[in-house]
Amino acid sequence: IEVRWLDCSVLSDFIQDPDPCKAFQGPADLILRLAKGPVPADMRVRPNTLGLAVNTKQGGVFAFIFCSRVEELVQTTGLPFSRVLSCALAHEMGHLLMGDRPHSSHGLMRGDWDAKDLRYMAMRPLSFLPQESALMRPKLEKRLRSGAEWKGLVMVSGQ
């Protein structure tokens, strides 16, 4: 998977046409935005929510990671920021690729990571369950066959 990082938190010295931070990606692309500020109150997400995927039955294109929430979890658990962030990113990608499938009872796609998940995460990143991987593969293949040019995963940092 090709990953492109775009920093949309700063204004560039020149105008790019098209602006990569505002351009809509194709249906096969996944866009994960790293939101640096506090979670807006009007989003109405639970206090322990690290991210949010904008989803449909077929899957999604956009997801958000709330970096302030990741940092809070890091401070309370002592886990490395990179470990928590990578698991949160993978979790939201799972939502984008699996569509409206509910959370798992354990592991990476668990709705709320419990103490056992966090202890495991301290040793190595959480992973998808085999049945979750099996659900994602055909949905990703369908995206790739959609006729759109696939640019890959776009990671956007900003706001």
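What is the volume of the largest pocket? I began my notes on this predicted model with that question. I found a volume of about 490 Å³ for the largest pocket.

**Entry 1: the pocket**

I next looked up the residues around this space. The largest pocket is lined by 24 residues, and Asn-48, Thr-49, Leu-50, Gly-111 and Asp-112 are the closest to its centre. I sorted the lining by character and recorded nine nonpolar, eight polar and seven charged residues. I then asked which elements each supply at least two residues of the lining. Strand β3 (51-56), α1 and α2 each do so. Two of these elements, α1 and α2, led me to the helix packing.

**Entry 2: α1 against α2**

Helix α1 covers residues 67-77 and helix α2 covers residues 81-98. I noted an angle of about 130 degrees between them, with their axes 9 Å apart. This angle is why α1 counts as oblique to α2. I recorded the crossing of α1 and α2 as right-handed. On the α1 side, the contact consists of Cys-67, Val-70, Glu-71, Leu-73 and Val-74. These residues meet Phe-81, Val-84 and Leu-85 in α2. By character, the contact of α1 with α2 holds seven nonpolar residues, one charged residue and no polar ones.

**Entry 3: α2 against α3**

I turned to helix α3, which spans residues 115-123. It packs with α2 at an angle of about 115 degrees, and the two axes lie 10 Å apart. The crossing of α2 and α3 is right-handed. From α2, I listed Arg-83, Val-84 and Cys-87 in this contact. From α3, I listed Met-121, Ala-122 and Met-123. The residues of the contact of α2 with α3 are five nonpolar and one charged, with no polar residue. I noted that Val-84 of α2 appears here and also in the contact with α1.

**Entry 4: α2 against α4**

How far apart are the axes of α2 and helix α4? I found them 8 Å apart, with an angle of about 60 degrees between α2 and α4 (residues 130-144). At that angle, α2 is therefore oblique to α4. I recorded the crossing of α2 and α4 as left-handed. Helix α2 contributes Gly-94, Leu-96, Leu-97 and Met-98 to the contact. Helix α4 contributes Glu-132, Leu-135, Met-136, Lys-139, Leu-140 and Arg-143. I counted the contact of α2 with α4 as six nonpolar, one polar and three charged residues.

Definitions and conventions: Residues are numbered from 1 along each chain as its sequence is written. This is a predicted model: local features need pLDDT of at least 70, side-chain atom pairs count only at pLDDT 80 or more; totals for chains, interfaces and linings use all residues. Side-chain values use heavy atoms; hydrogens and water are left out. Axes are lines fitted to C-alpha atoms, for helices over the stretch in contact, and angles run from 0 to 180 degrees between N-to-C directions. Helices (H or I, at least four residues) and strands (E, at least two) are DSSP runs, numbered from the N terminus. Angles under 35 degrees count as roughly parallel, over 145 as roughly antiparallel, 65 to 115 as roughly perpendicular and the rest as oblique. A crossing is left-handed if the near helix is turned anticlockwise from the far one by less than a right angle, and right-handed if clockwise. Contact means heavy atoms within 4.5 Å. Ala, Val, Leu, Ile, Met, Phe, Trp, Tyr, Cys and Pro count as nonpolar, Asp, Glu, Lys and Arg as charged, and the others, Gly among them, as polar. On a 1 Å grid over the protein atoms alone, a cavity is a set of points where a 1.4 Å probe fits but cannot get out, and a pocket is an open set with protein on both sides within 12 Å along at least five of seven lines; lining residues have an atom within 4 Å of a point. Grid points are joined across faces, edges and corners, and a volume is the space filled by probe spheres set on the points.
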